[in-house]
Amino acid sequence: MSANLLSDHTGAWLGLLAASLLLATVAVGMYLRERQRSLALAVELDRVSREMSPQLARDNVTGLLTRSGFDAVLDQWVQKVDRSGGAFCVLYVSLDNFFMLNDAFGNDFADGLLKNVSNRLAAFTGADTEVCSLAAGEFALAVRGEMTVGRSTANRVSQVFAERFAVDLIQTPLTCSIGIAMYPAHGSRAMLLGHAALAMRSVRLHGGGDFCQYDLKMGADVREQAILVNELRSALELGQLELYFQPKIDAISLQVTAAEALLRWHHPERGLVSPLVFIPLAERYGLIGAIGNWVIEEACRNAARWRERGLRMRVAVNISGYQMREDDLVDRIEAALRRNGIKPGRFTCEITESVAMEDTKVTQLTFDKMRQAGFHVSIDDFGTGYSSLASLRRLPAAELKIDRAFVTDLEHSEDARSIAKSIINMATALNLRVVAEGVETVGQCELLVSMGCNELQGYLFSMPITANELERLALDDHRHENVEFRESLFAETRSAELDGDLQPLPRDF
Ligand code: C2E
Ligand code: MG
Ligand code: MG
């Protein structure tokens, strides 16, 4: 009985065990199948998400890649180059003056501008090119191919900026600085964008509006720029800035009619630093306001001193685009003129053509105030921009300065001659005086006089010289031998001209 009972129990246990085993096997099988399915699903998801990630990471409006989408593209391209060879380039594109425009016209304007730029750059997107918006005013392009492809793409991008950008009826010129780095030649994937940015900053350092490729020594250039900006901050206090003056000469009488103030920085180690190097830095790092004010005051102070000595020259000061956007610029000039007892008609503001043609409310307001104040306005570097007759007529300009590039080529280029001639004809039609800058040879001088140019400025007559040198020359002091002296230059100019209003002078005055 108990043996039967035992064998019954054992049977039941064995049955139970077999059922459990069966269940466990089914469960393990199901688990393994499920795991296999989810693994396959994960692989598939991964593939799809990798394929999709550039599309997912695009800006809906512009279609440009976001930074993460761009990184994914670069990763893929790096893998491909590592696997099968070849190369690609990254272009770091940064809008020059974007933050200045943002400050001047506000965020809505800046957003509109960025949308415009994005739309133009989006046109570059294709099988071999990807475009990304990195940050406000900063873009990047990846383009398959060697440096020649990178450079020609940079060239095409620059051309896209040749046409002005229109936002809310404001037309603004815009330039960009582009740095190019190539993979694998210019370092690892991690350094690629950084090296392109370094190349971009090197372009900026040299004035912007251009492109260049990455070079090993570029890190040092950027460090140098930072040092220079720091030193510029204290240059004013340390008395390292000085105004030089270059005379403007009447083409007929050869009398000095004016002196243009040109800023110089006496750097304790570097020697004389050109304004072409430090003015763009001062503009970019917010130092131009203080420096510009000092220039205005110093120019007026010197004009007052010359006047005390019986010299009646107009004084001309270069005004940067940043200064034109300061709403109290004219008030400050008027105050400096009053302090030094100078009539507004003896003060000339030289404003480059590109700044003068910025058709913005802020610059127009400053021009209106200049007109009311009675200053002379001179359009500097004329011929390099896109001015129309109509736009020139709107400005209170009394003078156009033909850009040096045309003067330099006058004797050898038919084109330069016809440009100079048409500028002079146009100015005459608009009742403006014409000054030729950078006159170096007698041949250039004769051609300009025959074309009807009113005033001449350049090394042929005098280099920019210190205020004391100018004064010594004007007072006929021959002890200073460094500067070439021409007897007729510094005779006193007629007071009627200098005290006059904004009308140009008659040719036979
Ligand atoms: P700019 O106003 O067009 O000045 C003319 C430049 O041509 C000056 O260079 C002058 O020294 C140079 N120059 C004059 N005659 C000749 C010549 O016969 N041959 C050659 N090759 N060059 C000649 P500089 O002094 O280096 O100034 C360069 C630019 O820097 C100026 O161009 C002006 O735009 C800017 N700048 C100078 N001083 C100031 C300033 O106080 N404020 C501002 N905002 N800009 C300034
Ligand atoms: Mg000038
Ligand atoms: Mg000029």
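Visitor: Which domains does the second largest pocket lie between?
Guide: In this predicted model, a pocket is an open set of 1 Å grid points where a 1.4 Å probe fits, with protein on both sides within 12 Å along at least five of seven lines, and lining residues have an atom within 4 Å of a point. Two domains, with bounds from an automatic or database assignment, both give residues to this lining, so the pocket lies between domain 1 (67-215) and domain 2 (225-498).

Visitor: What kind of model is this, and how are its parts numbered?
Guide: Residues count from 1 along each chain as written, chains are lettered from A and ligands numbered from 1 in written order, and side-chain values use heavy atoms, without hydrogens and water. Local features need pLDDT of at least 70 and side-chain atom pairs 80 or more, while totals for chains, interfaces and linings use all residues, in what is a predicted model.

Visitor: Which element gives the largest share of the lining of that pocket?
Guide: Helices (H or I, at least four residues) and strands (E, at least two) are DSSP runs numbered from the N terminus. The second largest pocket has 15 lining residues, and Asn-97, Phe-98, Phe-99, Arg-204 and Arg-284 lie nearest its centre. At least two lining residues each come from β1 (88-95), α3 (98-105), α6 (192-205) and α8. The largest share, 4 residues, comes from α3.

Visitor: Which residues of helix α8 are buried?
Guide: Helix α8 covers residues 275-284, and Gly-286, with a positive phi near 70°, follows it. At the start of α8, a side-chain oxygen of Ser-274 comes to within 2.9 Å of the backbone nitrogen of Leu-276. Buried means under 20% relative accessible area, exposed over 50%, and partly exposed in between (1.4 Å probe, protein chains only). In α8 the buried residues are Phe-278, Leu-281, Ala-282 and Glu-283.

Visitor: How far apart in sequence are the parts that Glu-260 and Glu-350 tie together?
Guide: Donors are N, O and S atoms within 2.8 Å of the metal (3.2 Å for Na, K and Ca), water not included. For the magnesium ion (ligand 2), the protein donors are Glu-260 (OE), Asn-318 (OD1), Glu-350 (OE) and Asp-380 (OD), at 2.1 to 2.3 Å. Glu-260 lies in strand β9 (residues 256-267) and Glu-350 in strand β12 (residues 347-352), so the pair joins parts whose separation in sequence is 90 residues.

Visitor: Is Glu-350 buried or exposed?
Guide: Its fellow donor Glu-260 has a relative accessible area of 4% and is buried. For Glu-350 the value is 1%, so this residue too counts as buried.

Visitor: Which residue bridges the two magnesium ions?
Guide: The magnesium ion (ligand 3) has Asp-380 (OD), Asp-381 (OD) and Glu-437 (OE, listed twice) as protein donors, 2.1 to 2.5 Å away. Along the chain these donors are spaced D-D-x55-E. The magnesium ions, ligand 2 and ligand 3, lie 4.2 Å apart, and the residue bridging them is Asp-380.

Visitor: What is the phi of Asp-381?
Guide: Asp-381 lies in strand β13 and is partly exposed, with a relative accessible area of 24%. Although Asp-381 is not a glycine, its phi is positive, at about 55°.

Visitor: Where is Asn-431 placed?
Guide: Asn-431 is not a glycine, yet it has a positive phi of about 65°. With 46% relative accessibility, Asn-431 counts as partly exposed. Its place is the loop between α16 (414-429) and β15.

Visitor: What is the omega of the peptide bond from Tyr-183 to Pro-184?
Guide: Pro-184 sits in the loop between β6 (176-183) and α6. The bond from Tyr-183 to Pro-184 is cis, with omega near 10°.

Definitions and conventions:
Polar contact = N/O pair within 3.5 Å; in protein donor to acceptor, adjacent residues only side chain to side chain.
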